Number of protein chains: 2
Amino acid sequence: MRNLLAVLLTVLLCITGCASKDGAADPLSAWNDTAAKDSITEFVKKVTTADTPDFVAPEDRVAVFDNDGTLWAEAPLPFQAAFVIDELKRRAPQEPALAADPMVQAALKGDVAALLAGDRHEGLLRVLALTHTGMTTDEFNQRVTDWMATARHPRFDKPYDQLTYEPQQQLLNYLRDNGFRTYIVSGGGADFMRVFSQRVYGIPPEQVVGSTGTTKYELRDGKPVLVKTLDYVFVDDKAGKPSGIHEFIGRRPILAVGNSDGDQAMLEYTTIDNPRPSLGVLVHHTDADREYAYDANPPSSGKLVTALQAAEPNGWTVIDMKNDWKSVFSQ
Amino acid sequence: MRNLLAVLLTVLLCITGCASKDGAADPLSAWNDTAAKDSITEFVKKVTTADTPDFVAPEDRVAVFDNDGTLWAEAPLPFQAAFVIDELKRRAPQEPALAADPMVQAALKGDVAALLAGDRHEGLLRVLALTHTGMTTDEFNQRVTDWMATARHPRFDKPYDQLTYEPQQQLLNYLRDNGFRTYIVSGGGADFMRVFSQRVYGIPPEQVVGSTGTTKYELRDGKPVLVKTLDYVFVDDKAGKPSGIHEFIGRRPILAVGNSDGDQAMLEYTTIDNPRPSLGVLVHHTDADREYAYDANPPSSGKLVTALQAAEPNGWTVIDMKNDWKSVFSQ
């Protein structure tokens, strides 16, 4: 009886107090206890400890995350490119002019090289125009919603929004629990990501910075609509990322997480000569078994060469996916 | 003696309890108790009362405010135009090429018509280029800070940031106290407004949507800087306002406050066919004694004609500055 009581008491104490006794349950349990994890938790402790020189006021705790390859997978194609191809497949049978377009044919043949050729990926822009313009923002949202509900990743046979990284989902929550505002700063389309960013990442639309095409305001039958165009396109990649951060957030982040050379400028802008303490983090895809392994020769976009070289001199943390992450996907 | 005690007692009770007895002290005390004020407080009560069909979740309580003529004065010139002229005056003696520019000469002569001519105000853009580009964002911030600390309004002889409207300052606080996020959505420059938006309005930089020129990211002596350009300019006015709201916020507001035809599209986008309850508000400058009186023939920008006509059919509240505001300026 005394033993039973002791057990009950222990259970009861545990329910109410155990977690907070020797620290709460690990909020980063999907991370192995390696130097990468330590560098992040030490940084967060540093900037949140009051009355120290490194303390950063909550309003300045801005963390920016790339999306493709950083928060979710980006192979064999960035998921927005998969959306483009699926949309073209869906529409081509009913739309002869669309089906006759050489770039549509390249996309439907899976000729990724043709689409990604050129510095600004002109082929991709062409099929982006065909799938991302000429409709209202509401119509576009509906198409992305429909696609996300039905499309499945070719290798993992899951909806794309179930291919987010569990360690990163935990990191987003951990940062928010420590007073950070988490932003996406991605080359992907802002309108595309905002359809699911709140549901999938807990990141509201106003904290999603991405590539954008201008919209055209109209009253249609007396009702306001915004029609998507590519009249001017802001490409939120490479040097565009610091510009996008300045334009949309107006503050320098103190934490930046990316996975490719396209994120290098964002990490520089965050960590070099920043008057506040700061941290840069790169995800290195080293896990062909559980996900993918690539850097100089990625399956699609997302090359990681110069940013990796810049990591050591700049003190950036490099996440070795295979060794630093206990699990990879969230579900 | 008994009288004195009674008075003391009343004062004492008032200090501790008066305000909260029959409702808290009026958060909109600078507003007269007119229909305009009622329409705002009734709207706020409606959307914040839980378990009613009109309840709006806090994350969707987005309120957008024009700045010039809505939150602070805009006569005899929009204050950013005053900054431009003062900057040209400051620099012209040392910079002969600048001093020789015809548009600089127009600005220094006070030839506002020349600057504002054309649909896109080309003259203004020219002097904007001269005063807003070619320097880093940090350098620009410093120039705006210096100007704000020294420049004074020609009529009121006060620093420009002391010419914000007290009733609107109260409205911003009242909305935030009721779970709204308050945004500026202004034709003014985002970089210009962000220098003082937090201090002056309690609005953080990430909630300031304004006109923007692209910035160019560079490493200078190994340090990241953003250089201001006008390579592409987003003009956050007229039909640009709904586009800007979509691009920067990604949600439809439920409350929009403006004062000119430049705000009409923003009010339409907020109030017409919005699935949530919504309110549009226009400030009508009717008070030549305390501020200015204008609509069809404004002293500079900010014409109010078509938006005023659209107010009644759309159910927008029109603030008659003279009759609806008990006080005008904050300080």
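The following exercises, with worked solutions, concern a predicted model.

Local features here need pLDDT of at least 70, side-chain atom pairs count only at pLDDT 80 or more, and totals for chains, interfaces and linings use all residues. Residues are numbered from 1 along each chain as its sequence is written, chains are lettered from A in the order in which they are written, and side-chain values use heavy atoms, without hydrogens and water.

**Exercise 1. Determine which side chains of strand β8 of chain A are buried.**

Step 1. Strands are DSSP runs of E with at least two residues, and helices are runs of H or I with at least four, numbered from the N terminus. Strand β8 of chain A covers residues 317-320.

Step 2. In a regular strand the side chains alternate between the two faces of the sheet.

Step 3. A:Thr317 and A:Ile319 point to one face and are buried, whereas A:Val318 and A:Asp320 point to the other and are not. Buried means under 20% relative accessible area, with a 1.4 Å probe and protein chains only.

Step 4. β8(A) runs parallel to strand β6 (residues 279-286) of chain A, to which four bridges join it; pairing requires at least two DSSP bridges. Within β8(A), A:Thr317 is the bridge partner of A:Val281.

**Exercise 2. Describe the surroundings of A:Arg251.**

Step 1. A:Arg251 lies in the loop between α12 (240-248) and β5 (255-258) of chain A.

Step 2. Because its relative accessible area is 11%, A:Arg251 is buried.

Step 3. The side chain of A:Arg251 makes polar contacts with the side chains of A:Asp60 at 3.0 Å and of B:Glu206 at 2.9 Å. A polar contact is a pair of N or O atoms within 3.5 Å; within protein, one must be able to donate a hydrogen and the other to accept it, and residues adjacent in sequence count only if both atoms are side-chain atoms.

Step 4. Beyond four places in sequence, A:Arg251 has further contacts (heavy atoms within 4.5 Å), among them A:Arg181, A:Ile245, B:Pro204 and B:Pro205.

**Exercise 3. Locate B:Val104 and state whether this residue is buried or exposed.**

Step 1. B:Val104 belongs to helix α5 (residues 102-108) of chain B.

Step 2. B:Val104 has 0% relative accessibility and therefore counts as buried.

Step 3. Leaving aside neighbours within four places in sequence, B:Val104 is in contact with B:Leu88, B:Leu98, B:Ala99, B:Val127 and B:Leu130.

Step 4. Of these partners, B:Leu88 is in α3(B), and B:Val127 and B:Leu130 are in α7(B). Residues of α3(B), including B:Phe83 and B:Leu88, meet residues of α7(B), including B:Val127 and B:Leu130.

Key
Buried means under 20% relative accessible area, exposed over 50%, partly exposed in between (1.4 Å probe, protein chains only).
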